[in-house]
Amino acid sequence: MSRNGLKRADFDAIAEWIRPGARVLDLGCGDGVLLKYLKGARGVSGYGVEIDDDDVLGCVTNGVNVIQSDLERGLTEFETGSFDHVILSQTLQAVKNSERVINDMLRVGREGIVTFPNFGYWKNRLQVLGGHMPVSDNLPYQWHDTPNVHLCTISDFENFCAGHGVKILERKVLTNAKAVSALPNLLGALAVYRFQRA
Amino acid sequence: MDTGIAPRSVGIVTPQTAKFTEPLRLSSGAVIDAYELVYETYGRLNADRSNAVLVCHALNASHHVAGHYAGDPASAGWWDNMIGPGKPLDTERFFVIGVNNLGGCHGSTGPQSTNPATGKPWGADFPVVTVEDWVATQARLADRLGIRQFAAVMGGSLGAMQALAWSYHFPDRVRHAIVIACAPNLSAQNIAFNEVARQAIITDPDFHEGHYYGYATRPTRGLRVARMIGHITYLSDDEMASKFGRQLKNGKLGYSFETEFEIESYLRHQGRKFSDYFDANTYLRITKALDYFDPASAHGGNLAAALAPARAHFLVVSFTTDWRFSSQRSREIVKALLDNRCEVSYAEINAPHGHDAFLLEDPRYHRLVAAYFDRVGREVE
């Protein structure tokens with residue numbers, strides 16, 4: 001699932017929020033490259049959760065702890081409050097029950113971090129205006145083979161948080177790995193949020 | 001010359017015997033004054049003795065894990081597809097040890113051995129042994145071989161229970177525990193299967209209350225039935241359906257009680273084969289060891305508390321169609337390890353073969369174990 005956005009411009013943005021030595025859970029961790037990066041850059045410990053066989057193998061190859069599990073079934077293996085950060089990197093848009101997953105994140109972790117491709121990015125809007133579903137670095141799939149079922153915009157996500165007891169602590173909006181400050185919902189390709197229970 | 005052996009085999013192997021004369025107090029309270037363990041080794045122990053891997057066997061297997069015996073190319077070890085040069089557990093990198101557990105019937109001291117107190121075979125008087133007893137004897141063998149810490153202890157099914165037990169009994173002697181198709185204890189259903197198997201043996205008129213050696217006979221009928229029951233539980237329903245379905249041996253119903261369905265033929269064949277080489281007293285004891293294994297029981301049912309001493313890194317693997325030791329049971333182990341903040345990876349292999357899958361060569365499964373051992377190897381090289 002998390003092979004969305006192969007360039008992973010969000011890694012540095014996430015790493016800046018992670019305290020050194022923190023305990024981290026990475027949901028939809030793919031082949032574990034983010035956790036491997038965070039182990040090296042921040043000395044974190046923790047686990048990835050991944051459902052795909054090849055990605056689980058990738059994690060083991062990368063020396064990253066991985067629990068093969070469907071995160072939509074609930075994070076029943078993980079105790080309440082057992083992580084400093086729970087990350088959902090480029091996976092939110094592929095999750096069926098977004099509300100439940102975000103609740104679970106805030107149950108097992110002190111803070112949640114999500115990153116997702118901003119569907120409101122002008123290039124996406126342009127492709128839709130042109131009569132097509134957007135295809136880009138951050139949305140590399142065709143409409144018929146995409147794992148993405150819940151694409152959203154920056155405004156959509158912030159409305160969701162406001163309505164679901166989720167307090168946004170910080171936001172970063174990126175385009176081509178550079179920070180975007182003006183008109184983020186239009187000019188930002190990738191959204192990165194840090195949040196906790198309101 | 002075509003030896004009929006896969007090129008990646010460890011080749012010809014020879015079992016060795018270690019004699020122990022320091023008395024061993026068993027979980028039951030019984031004491032064994034002296035005993036022997038038969039074992040095999042493959043590969044080379046490195047200079048700092050850090051590359052040893054102990055492979056623990058399950059119900060019916062033995063120390064003969066890989067390779068074959070001289071002059072008998074058909075005698076491949078029970079996990080030969082997993083262990084050898086270039087295989088997932090690579091004997092070019094690791095020094096691998098297989099040991100026949102105490103109470104076994106493949107050369108280690110067991111019910112068939114002579115009881116020094118009577119000069120006759122132990123038979124029914126051989127004590128009931130537990131997973132913990134096996135781990136204690138394996139540790140003594142490790143001492144004998146000069147291995148302070150294993151790079152890994154590995155096993156499937158009952159063998160996995162031993163790997164798990166190693167991790168909390170000897171936390172500083174295991175770097176990695178590879179726990180495949182395991183359960184933290186047996187369910188009532190599992191114990192029930194074992195009890196039917198035991199009753200088949202015990203009620204065989206040739207059992208003679210376990211002292212059949214003196215009657216020049218063996219309870220082979222009971223053993224056959226015991227093995228047939230076991231085999232039913234090792235295969236998934238789907239696997240049995242695809243392998244045998246309702247196929248008839250002779251294409252038509254015979255209106256008799258001869259072997260008619262292919263599945264009957266298969267089970268009888270497995271039962272016969274097993275009863276030819278396996279000892280009934282050993283079978284009884286091993287099923288008891290399975291039934292008794294329950295690390296959480298000493299901690300009020302709290303598995304996390306039982307595993308709290310563990311320092312090893314874990315790879316836990318289950319198979320989706322294994323109903324004898326289901327994935328859910330492996331997840332209980334994983335949960336307890338997560339609660340202890342252990343280093344653990346868990347993979348659920350989507351394989352059709354049921355419990356037996358741990359012995360088969362599924363590419364996803366073998367690639368995973370190979371990748372894990374590659375990491376282990378880099379730590380100790």
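Trainee: Let me start with a single residue. Is Asp84(A) buried or exposed?

Mentor: Buried: Asp84(A) has a relative accessible area of 18%. The cut-off helps here, because buried means under 20%. Keep in mind that we're reading a predicted model.

Trainee: Which residue forms a salt bridge with Asp84(A)?

Mentor: For a salt bridge, look at the closest N and O atoms of the two side chains; the limit is 4 Å. Arg110(A) pairs with Asp84(A), and those atoms are 3.9 Å apart. Arg110(A) sits in strand β5 (residues 109-117) of chain A and Asp84(A) in strand β4 of chain A, so the salt bridge ties together parts 26 residues apart in sequence. As for exposure, Arg110(A) is partly exposed at 42% relative accessible area.

Trainee: And in chain B, which residue does Arg93(B) meet in a salt bridge?

Mentor: Glu381(B), with 2.7 Å from N to O. Arg93(B) is in the loop between β7 (89-90) and β8 (95-99) of chain B, while Glu381(B) belongs to the segment after α10 of chain B, so this pair ties together parts that are 288 residues apart in sequence. Arg93(B) is partly exposed, with 22% relative accessible area, whereas Glu381(B) counts as exposed at 60%.

Trainee: Which residues do salt bridges that share partners join into one network?

Mentor: That brings us back to chain A: Arg19(A), Asp84(A), Arg110(A), Glu111(A), Glu170(A) and Arg194(A) are joined that way.

Trainee: How many salt bridges does a search of the whole structure find?

Mentor: Over all chains, the search gives 27.

Trainee: Now the interface. How many salt bridges does the rule find across the interface of chain B and chain A?

Mentor: There are 3 between chain B and chain A. One of them joins Glu77(A) to Arg331(B), with the closest N and O atoms 2.5 Å apart. Glu77(A) comes from the loop between β3 (66-68) and β4 (83-89) of chain A, and the pair crosses to Arg331(B) in helix α9 of chain B. Both ends are out of the way: Glu77(A) is buried at 5% relative accessible area, and Arg331(B) is buried at 6%. Lys335(B) also makes a salt bridge, to Glu79(A), and there the closest N and O atoms are 2.4 Å apart.

Trainee: How many residues does the contact take from chain B and from chain A?

Mentor: Chain B gives 20 residues and chain A gives 21. Put in terms of area, the two chains bury about 1,800 Å² between them, with 49% of that on carbon and sulfur atoms. Of the area that chain B buries against chain A, Arg331(B), Leu338(B) and Arg341(B) supply 29%, more than any other three residues.

Trainee: How many residue pairs are in polar contact between chain B and chain A?

Mentor: The count is 12, with both residues at pLDDT 80 or more. On the side of chain B that touches chain A, the elements giving two or more residues are α9 (327-339), β14 (344-349) and α10 (363-380) of chain B. The largest share comes from α10(B), with 7 residues. Sorted by class, that side of chain B has 9 nonpolar, 1 polar and 10 charged residues.

Trainee: On to cysteines. How many disulfides does the structure hold?

Mentor: First the idea: a disulfide is a covalent bond between the sulfur atoms of two cysteines. Here, over all chains, the number is 0.

Trainee: Why is there no bond between Cys29(A) and Cys59(A)?

Mentor: Check the sulfur distance against the 2.5 Å cut-off. Cys59(A) holds the closest cysteine sulfur to that of Cys29(A), but they are 3.6 Å apart, which is too far for a bond. Cys29(A) counts as buried, at 5% relative accessibility. For Cys342(B), the closest cysteine sulfur is in Cys182(B), 14 Å off and too far for a bond. Cys342(B) is buried as well, with a relative accessible area of 5%.

Trainee: What about backbone angles: what is phi of Gln90(A) near?

Mentor: Near 55°, a positive value in a residue other than glycine. Gln90(A) is in the loop between β4 and α4 (98-108) of chain A, and Gln90(A) is buried, at 0% relative accessible area. Arg49(B) also has a positive phi, near 55°. Arg49(B) lies in the loop between β4 (35-42) and β5 (52-56) of chain B, and is partly exposed at 40%.

Key: Residues are numbered from 1 along each chain as its sequence is written. Chains are lettered from A and ligands numbered from 1 in the order in which they are written. This is a predicted model: local features need pLDDT of at least 70, side-chain atom pairs count only at pLDDT 80 or more; totals for chains, interfaces and linings use all residues. Side-chain values use heavy atoms; hydrogens and water are left out. Buried means under 20% relative accessible area, exposed over 50%, partly exposed in between (1.4 Å probe, protein chains only). Contact means heavy atoms within 4.5 Å. Buried area is the accessible area (1.4 Å probe) that two parts lose on being put together, summed over both. A polar contact is a pair of N or O atoms within 3.5 Å; within protein, one must be able to donate a hydrogen and the other to accept it, and residues adjacent in sequence count only if both atoms are side-chain atoms. Helices (H or I, at least four residues) and strands (E, at least two) are DSSP runs, numbered from the N terminus. Ala, Val, Leu, Ile, Met, Phe, Trp, Tyr, Cys and Pro count as nonpolar, Asp, Glu, Lys and Arg as charged, and the others, Gly among them, as polar.
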